[in-house]
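Thanks for coming. I will go through one structure today, starting with its internal space and ending with its charged pairs.

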Amino acid sequence: MKQFWTLAVAAACATTAFAQDFPTKPITFIVPFAAGGPTDRVARDLAEAMRKALGGNTSIVVENAAGAGGTIGATRAVRAAPDGHTLLVWHIGMATAPSLYRRLQYKPLEDFEYLGIINDVPMTLIGKPQLPANTYRDFENYIRANSGKLNLAHAGLGSASHICGLMWQSAVKLNTAMTTIPFGGTAPAMNALVGGQVDVMCDQTTNTTAQIEGGTVKAFAVTTAKPLSNHKLLKDYPTLNDMGLRGFNLTIWHGLNAPKGTPAPVLKKLNDALKVALRDPDFIKKQEGLGAIVAAPNDPRVTPAGHKAFVADEIAKLKVAIDAAGQFAD
Ligand code: MLT
């Protein structure tokens, strides 16, 4: 018995010592979508803020592992060493995947540690520059008049752009009006939209603001319940709710996760650093400039338990919608 306690205390001391020295090598943020897109943008801004928060010679690199609506990158993160040096930056896809991908290689609530929610990002309904519509009404009428002839780009089944596209089509009862075209992320999808190869997309403001400002895409509406009145550019666009899609309200939350089994002192150090990063003026300025709403210090989702409870609710809520739609990835 004495030997047991000696070993237990030694192990605890080792873990605490490990946490004190953590990180002992570069930290990798896995982003399950292509580089240059909205999730990549959140991850790179957060990496800079958390690098400062962790201090010392901390370095954080972003690794893009795109495909299957984000589940390929998530699977890679689940299988990574549970030592805090590999983390996943993902979004609502974490909650859609278990219902859409019936042969998922992991269980979101069992195989991940939860480190906190980062932000909520509104979405915008946009079209290629040549689309013959300039208002939301024109846009909806044009889609209705050209049912079956147009396409909708997205970042894979269960991605934010896919879910938003499905929700909009179902809200305007145009479920099969457009052919959906998957990409490895909305960065490559945006290139195709700007180039006129695809017609329509619903994407996060963190990826659309610059294109709308530059006039390289047309914007028609935002997906929040209330207008984005604080945003210098997006304040001019109506909400889908105001356009008659009563109750339409969609923002995309992003969260930070670690593989199951990552030591508790390391998780605490990462969650503390995340909370500091979320108060970093540079991080807030960059994110809010692109329409994102950074999670507030008193947001219960910024705690590991609050984050996990929130995702559990989202999984249950989205399962109903996905089962009702009856569209599965496999
Ligand atoms: C991305 O980073 O490409 C997006 O988050 C994809 C999406 O979910 O629409």
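**Cavity, pockets, cores and salt bridges**

In the lining of the largest cavity, the classes come out as six nonpolar, eight polar and one charged residues. Before I go on, please keep in mind that this is a predicted model. The largest cavity has a volume of about 80 Å³, and the count of cavities of 30 Å³ or more comes to one. Its lining is made up of 15 residues, and F33, P38, T39, T186 and Q204 are the ones nearest the centre. The elements that contribute two or more residues to this lining are α2, α7 and β7, the last covering 200-204.

Next, the open spaces. For the largest pocket, the volume is about 610 Å³. Around the largest pocket there are 25 lining residues, with I163, L166, M167, L318 and A321 nearest its centre. Which elements give two or more residues to that lining? They are α7 (160-171), β6 (178-182), β9 (251-259) and α12 (304-325). Of the elements, α12 gives the most, with eight residues. By class, the lining of the largest pocket splits into 14 nonpolar, nine polar and two charged residues.

The second largest pocket has a volume of about 240 Å³. Its lining includes K226, P227, L228, S229, N230, H231 and K232. The lining also takes in E288, G289, G291, A292 and I293. In that lining I have four nonpolar, five polar and three charged residues.

Now the packing. As background, nonpolar side chains in soluble globular proteins tend to be buried together. Here the largest nonpolar core has 82 residues. Which of its residues touch the most other members? They are F29, M50, Y136, F139, W168 and L256. I will take F139 as the example. Setting aside neighbours within four places in sequence, F139 is in contact with L125, L131, A133, W168, V200 and F220. There is also a second, separate core of 15 residues, and M190, A192, M201 and L234 are among them.

That leaves the charged pairs. In general, side chains of opposite charge can pair when their charged atoms come close. The number of salt bridges in this model is 17. I will show three of them.

The first on my list is R51 with E48, where the closest N and O atoms are 2.8 Å apart. Both sit in helix α2, residues 38-54, and because they are three residues apart there, about one helical turn separates them. Is this pair buried, exposed or partly exposed? R51 is partly exposed, with a relative accessible area of 30%, and E48 is partly exposed as well, with a relative accessible area of 30%.

The next pair is D280 and K52, whose side chains form a salt bridge at 2.8 Å, N to O. D280 is in the loop between α10 (264-277) and α11 (281-289), and K52 is in helix α2, so this salt bridge ties together parts that are 228 residues apart in sequence. The two ends are not equally accessible: D280 is buried at 10% relative accessible area, whereas K52 is partly exposed at 37%. K52 and D280 also belong to a network of salt bridges, in which D282 is linked with them.

The last pair is E314 and K317, again a salt bridge at 2.8 Å, N to O. Both residues lie in helix α12, three residues apart, about one turn of the helix. Where does each stand on burial, buried or exposed? E314 is buried, with a relative accessible area of 8%, because the cut-off for buried is under 20%. K317, at 53% relative accessibility, counts as exposed, since exposed means over 50%. As for what surrounds E314, and not counting residues up to four places away in sequence, E314 touches I92, A95 and W253.

To pull one thread together: helix α12 holds the E314 and K317 pair, and α12 is also the element that gives the most to the lining of the largest pocket. In the same way, helix α2 contains R51 and E48, and α2 is one of the elements giving two or more residues to the lining of the largest cavity. That is what I have for today.

Terms used
Residues numbered from 1 in each chain as written. Predicted model: local features only at pLDDT ≥ 70, side-chain atom pairs only at ≥ 80, totals over all residues. Heavy atoms only, no water. 1 Å grid on protein atoms, 1.4 Å probe; cavity = no way out; pocket = protein on both sides within 12 Å on 5 of 7 lines; lining within 4 Å. Points joined across faces, edges and corners; volume = space filled by probe spheres on them. Helix = DSSP H or I, 4+ residues; strand = E, 2+ residues; numbered from the N terminus. Nonpolar A, V, L, I, M, F, W, Y, C, P; charged D, E, K, R; others polar. Core = buried A, V, L, I, M, F, W, Y, C linked by side-chain atoms within 4.5 Å. Buried < 20%, exposed > 50% of the residue type's maximum accessible area, 1.4 Å probe, protein only. Contact = heavy atoms within 4.5 Å. Salt bridge = Lys/Arg side-chain N within 4 Å of Asp/Glu carboxyl O.
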